[in-house]
Amino acid sequence: PDLQKTYEAQQLLSQLGNADYLIAMDEKGQNLSSPEFARLIEKIKDNSIEKCHFMIGGAYGLDQSLLKKAHSHIALGKMTWPHMMARLMTVEQIYRAITLLSGHPYHKS
């Protein structure tokens, strides 16, 4: 497992630029509400960050090198989710954040 995580981290880190913002989707991360997540996205946008990456670990999670490099750590709750479900939920929350920030009525309070 450690070798697999190290390999995955090397592959992911090789794709990042120095100015990119990295969000680690990690079970030990912050549990944010959708409006709080939207404020984080707004902060990233307001700081003129061109690229924001959401890192979702493989079967063994994220390597420490990725977790240390991440600017934010966010959890999708306390449950463990399959990789593809975590991707889907992350994309939905990004969409929800965009609609919240634009004033669209998608999000119900």
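**Exercise 1. The ring of F54**

Task: In this predicted model, decide whether F54 is buried, partly exposed or exposed, then find its aromatic partner.

Solution. Start with the accessibility: F54 has a relative value of 22%. Buried means under 20% and exposed means over 50%, so F54 counts as partly exposed. Next, look for the partner. The structure holds two aromatic pairs, and one of them joins F37 and F54, with 6.1 Å from centre to centre and 50° between the planes. Stacked needs planes under 30 degrees apart and edge-to-face over 60, so this pair is classed as tilted. Now place the two rings: F37 belongs to helix α2 and F54 to strand β2, so the pair ties together parts 17 residues apart in sequence. Finally, check the partner's surroundings: F37 has 5% relative accessibility and therefore counts as buried.

**Exercise 2. A pair of tyrosines**

Task: Work out the geometry of the aromatic pair formed by Y95 and Y106, and say which parts of the chain the pair ties together.

Solution. Two numbers are needed here. A pair of aromatic rings is described by the distance of the centres and the angle of the planes. For Y95 and Y106 these are 4.9 Å and 80°, which makes the pair edge-to-face. Y95 sits in helix α4 and Y106 in the segment after α4, so parts eleven residues apart in sequence are tied together. As for accessibility, Y95 is partly exposed at 44%, and Y106 is partly exposed at 30%.

**Exercise 3. Helix α4 from end to end**

Task: Compare the span of α4 with the expected one, then list its buried residues and what they pack against.

Solution. Begin with the length: α4 has 20 residues, and its first and last C-alpha atoms are 29 Å apart, close to the 28 Å expected at 1.5 Å a residue. Then turn to burial: A86, T90, R96, A97 and T99 are the buried residues of α4. These buried residues pack against β1, α2 and β2. Last comes the end of the helix, where G103 follows α4 with a positive phi, near 80°.

**Exercise 4. A backbone angle to notice**

Task: Say where S48 lies and what is notable about its phi.

Solution. First the background: most residues other than glycine have a negative phi. S48 has a positive phi, near 55°, and is not a glycine. Its place is in the loop between α2 and β2. With a relative accessible area of 58%, S48 is exposed.

**Exercise 5. A24 and its contacts**

Task: Decide whether A24 is buried or exposed, and collect its contacts from further along the chain.

Solution. A24 lies in strand β1. Its relative accessible area is 1%, so A24 is buried. Leaving out residues up to four places away in sequence, A24 touches M55, L62, L67, A70, S72, H73 and I74. One more distance to check: the C-alpha atoms of A24 and G57 are separated by 8.3 Å, although these residues are 33 places apart along the chain.

**Exercise 6. The largest pocket**

Task: Describe the volume and the lining of the largest pocket.

Solution. Take the volume first: the largest pocket holds about 520 Å³ of space. It is lined by 24 residues, and M25, D26, E27, G57 and G61 are the closest to its centre. Next, sort the lining by element: β1, α3 and α4 each give two or more residues, and β1 gives the most, with four. Then sort by class, which yields 13 nonpolar, seven polar and four charged residues.

Notes. Residues are numbered from 1 along each chain as its sequence is written. This is a predicted model: local features need pLDDT of at least 70, side-chain atom pairs count only at pLDDT 80 or more; totals for chains, interfaces and linings use all residues. Side-chain values use heavy atoms; hydrogens and water are left out. On a 1 Å grid over the protein atoms alone, a cavity is a set of points where a 1.4 Å probe fits but cannot get out, and a pocket is an open set with protein on both sides within 12 Å along at least five of seven lines; lining residues have an atom within 4 Å of a point. Grid points are joined across faces, edges and corners, and a volume is the space filled by probe spheres set on the points. Ala, Val, Leu, Ile, Met, Phe, Trp, Tyr, Cys and Pro count as nonpolar, Asp, Glu, Lys and Arg as charged, and the others, Gly among them, as polar. Buried means under 20% relative accessible area, exposed over 50%, partly exposed in between (1.4 Å probe, protein chains only). Contact means heavy atoms within 4.5 Å. The expected span of a helix is 1.5 Å times one less than its number of residues. Rings of Phe, Tyr and Trp (its six-membered ring) pair if their centres lie within 6.5 Å; planes under 30 degrees apart count as stacked, over 60 as edge-to-face and the rest as tilted.
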